[in-house]
Amino acid sequence: MTFRSSVLLQKVMQAVRVAKFGDPDVCVVSKVPIPSPGSTQVLIKSKYVGINPVDTYIRTGTYPIKPDLPYTPGADCAGIVESVGSDVTQFKAGDPVFTVRTVTGSYAEYTVAESQHTYALNIQKLSFEHGASLGTPYFTTYRALVLSVRSSFYLALFTVCCRAKAKAGETVFIHGASGGVGTICVQMAKHLGLRVLATAGTEEGLGIVRDCGADFTYNHRQPDYMEKIMEDTGGKGVDIILEMLANVNLQSDLQSWRKRSGLWLWATEGQ
């Protein structure tokens, strides 16, 4: 008998459980029942799990949205469909998939997700490890740069508010571009034909941002980086701002915003 079938027969699995908000030591690996999918849901046997900053904010209890305790953290995972609900037609047992949101939490051997938040994974081109890294960072970036929406996005590292779609030829300022979402913002912005100005706080981070394709890079620990941004835009400023810590940086960011462009996007992390 394989380990997998043994687990299913016992109908239990290992999962990280959080019974109280706090530091990392509140995360405890426990044995819990394997969840069953509802009619519109899929049960996924996880191969890789994505860990994102928002998971830590939620765990500490400082995030605006708090789950009921106890809970299993995590939104992103990639794996194999184990079973599907009665109304699910786009997936079947054995399909490789990844999620952008889960119902039962992704830090577990099995997770349940709504089928609308589950996507086919082409394992000829992307590994399960890649799949687990797609959900929060890539969907957040796409939502910020491409979609014309106003929304609060639970899975994101930040809340985004924007008033227009990004267009080729425009200039985007990405403040804090060396992290998971930031590097994807740089790559996607270049793919969309935008001129990219990006910051990081270390030489290593600046190197990462350059490798991702940024046209201009700045160390945001230097006091004159905003002046340099204005110089590099001919004094006109930028069309779009992608900010990873708006509760700290938004006021200074607005110095570089080309207000007549009608485009403004801001983001706030953790609060």
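## Tyrosine 119 and its partners

In this predicted model, tyrosine 119 is partly exposed, its relative accessibility being 30%. Phenylalanine 139 is likewise classed as partly exposed, at 27% relative accessibility. The residues Phe98, Tyr119 and Phe139 make up one aromatic cluster.

## Aromatic pairs

The model contains five aromatic pairs under the centre-distance rule. In one of them, the ring centres of phenylalanine 21 and tyrosine 71 are 6.5 Å apart and the ring planes meet at 45 degrees, so this pair is tilted. Phenylalanine 21 belongs to the loop between β1 (12-18) and β2 (27-33), while tyrosine 71 belongs to the loop between α2 (53-60) and β4 (76-84); the pair therefore ties together parts that are 50 residues apart in sequence. Phenylalanine 21 is partly exposed, with 28% relative accessible area, whereas tyrosine 71 is buried, at 9% relative accessibility, because buried means under 20%.

Tyrosine 119 and phenylalanine 139 form a tilted pair, because their ring centres lie 5.2 Å apart with the planes at 50 degrees. Tyrosine 119 is located in strand β7 (residues 118-120) and phenylalanine 139 in helix α4 (residues 135-145), so the contact ties together parts that are 20 residues apart in sequence.

## Lysines over aromatic rings

Two lysines are described here in relation to ring faces. Lysine 45 lies over the face of tyrosine 110, at 5.5 Å from the ring centre. For lysine 47, the charged end sits over the ring of phenylalanine 128, and the distance to the centre of that ring is 5.5 Å.

Definitions and conventions:
Residues are numbered from 1 along each chain as its sequence is written. This is a predicted model: local features need pLDDT of at least 70, side-chain atom pairs count only at pLDDT 80 or more; totals for chains, interfaces and linings use all residues. Side-chain values use heavy atoms; hydrogens and water are left out. Rings of Phe, Tyr and Trp (its six-membered ring) pair if their centres lie within 6.5 Å; planes under 30 degrees apart count as stacked, over 60 as edge-to-face and the rest as tilted. Helices (H or I, at least four residues) and strands (E, at least two) are DSSP runs, numbered from the N terminus. Buried means under 20% relative accessible area, exposed over 50%, partly exposed in between (1.4 Å probe, protein chains only). A charge sits over a ring if NZ of Lys or CZ of Arg is within 6 Å of the ring centre and within 35 degrees of the ring normal.
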